[in-house]
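Here's a protein to explore together, part by part. Have a look at the sequence and the 3D view before reading on.

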Amino acid sequence: MSSDTDTTEKKALIAVTAFIVAFLALFVLKINGFFDFTHRFGIREISATLDQDNVMLMIDGDTETIWADATFISDTVAEPGDSITITFDKKRDVSGVEFTGTTPDRLGFMYATSDEPDAWQDIDVSVGADGRYDFSSPVETDRIRIEAAEGGKEYKWRVAELSVLD
């Protein structure tokens, strides 16, 4: 009977060990971003100065989920200077950005690279139809910032989906 108990204890110990190893492996993958929406688009991180908790809704592939949507408490309002920052996995050529949703009347676009992270440079943009913003020439970058421009008023900025154009 003692050998049955020893075998059962060994099996339990192996199962617990396997569970811990699997959990640690999945945890390491998760904290490195392998289960985030971002990596489907070559994006390492996306952040915003407003509605930070829901910023991933812009790239979740579902037009029914909306970033910065009004809540039951109040309307989410963007002010000049509010921004969205997209950091890519690596440098890439970007030729524009397209929004599905409502954007402020005036947006400013800037880019920087990890080589000079604080050296933001303005991007000349032409506004297309239906939330499309084409850059006058593609930029090679690993970070883009989109900012609500000065205009002296508050803006509604609700994004169902954001696409980076290569």
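Is Phe99 buried or exposed? At 2% relative accessibility, Phe99 counts as buried. Keep in mind as you look around that this is a predicted model.

**The overall layout**

Let's step back for a moment. The protein chain has one helix and seven strands. If you read along the sequence, the pattern goes α-β-β-β-β-β-β-β, and helix 1 covers residues 2–31. Of the 166 residues in the protein chain, 34% are buried. The accessible surface comes to about 10,300 Å², and 53% of that surface belongs to carbon and sulfur atoms.

How much do distant stretches of sequence touch each other? Take the contacts between residues at least 6 apart in sequence: 74% of them join residues at least 24 apart. For a single example, look at Ile43 and Thr87, which are 44 residues apart in sequence and 5.9 Å apart in space, C-alpha to C-alpha. Ile43 lies in strand 1 and, at 2% relative accessibility, counts as buried.

**Rings that meet**

Back to Phe99. The structure has four aromatic pairs. In one of them, the rings of Phe99 and Tyr133 have their centres 6.0 Å apart and their planes at 80°, so this pair is edge-to-face. The cut-off behind that name is simple: planes over 60 degrees apart count as edge-to-face. Phe99 sits in strand 2 and Tyr133 in strand 6 (residues 132–148), so the two rings tie together parts that are 34 residues apart in sequence. Like its partner, Tyr133 counts as buried, with 6% relative accessibility.

Which residues do ring pairs link into a cluster? They are Phe99, Phe109, Tyr133 and Phe135.

There's another ring to find in the 3D view. Arg145 lies over the face of Trp120, at 4.2 Å from the ring centre.

**Salt bridges**

How many salt bridges does the structure hold? There are four, and the table shows three examples, including the distance between the closest N and O atoms.

| Salt bridge | Closest N and O atoms |
|---|---|
| Asp69 and Arg158 | 3.5 Å |
| Lys91 and Asp115 | 2.9 Å |
| Asp134 and Arg132 | 2.8 Å |

Start with Asp69, which forms a salt bridge with Arg158. Asp69 lies in the loop between strand 1 (43–48) and strand 2 (83–102), while Arg158 is in strand 7 (residues 158–165), so the pair ties together parts that are 89 residues apart in sequence. Asp69 is partly exposed, with a relative accessible area of 33%, whereas Arg158 is buried, with a value of 16%.

Next comes Lys91, which forms a salt bridge with Asp115. This pair also links distant parts of the chain: Lys91 is in strand 2, and Asp115 is in the loop between strand 3 (107–113) and strand 4 (116–122), 24 residues apart. Lys91 counts as partly exposed at 37% relative accessibility, and Asp115 is exposed, with a relative accessible area of 57%.

Then there's Asp134 with Arg132. Asp134 is partly exposed, with a relative accessible area of 23%, and Arg132 is partly exposed too, at 31%.

**A nonpolar patch on the surface**

Now find helix 1 again and look for Leu24, which lies in it. Leu24 is partly exposed, with a relative accessible area of 46%. Which residues form a nonpolar patch on the surface with Leu24? They are Val16, Phe19, Ile20, Phe23, Phe27 and Val28, and together with Leu24 they have about 700 Å² of accessible area.

**Two backbone angles in a loop**

Finish in the loop between strand 1 and strand 2, where you'll find Asp51 and Ala68. Phi of Asp51 is near 45°, a positive value in a residue other than glycine. Ala68 also has a positive phi without being glycine, with a value near 65°.

Which of these is buried, and which is partly exposed? Asp51 is partly exposed, with a relative accessible area of 23%, whereas Ala68 is buried, with a relative accessible area of 0%.

Methods
Residues are numbered from 1 along each chain as its sequence is written. This is a predicted model: local features need pLDDT of at least 70, side-chain atom pairs count only at pLDDT 80 or more; totals for chains, interfaces and linings use all residues. Side-chain values use heavy atoms; hydrogens and water are left out. A salt bridge is a side-chain nitrogen of Lys or Arg within 4 Å of a carboxyl oxygen of Asp or Glu. Helices (H or I, at least four residues) and strands (E, at least two) are DSSP runs, numbered from the N terminus. Buried means under 20% relative accessible area, exposed over 50%, partly exposed in between (1.4 Å probe, protein chains only). Rings of Phe, Tyr and Trp (its six-membered ring) pair if their centres lie within 6.5 Å; planes under 30 degrees apart count as stacked, over 60 as edge-to-face and the rest as tilted. A charge sits over a ring if NZ of Lys or CZ of Arg is within 6 Å of the ring centre and within 35 degrees of the ring normal. Patches are made of residues with over 30% relative accessible area and no salt bridge: like charges are joined within 9 Å, nonpolar side chains (Val, Leu, Ile, Met, Phe, Trp, Tyr) within 5 Å. Accessible areas come from the Shrake-Rupley method with a 1.4 Å probe; for residues, only the protein chains shown count as cover. Contact means heavy atoms within 4.5 Å.
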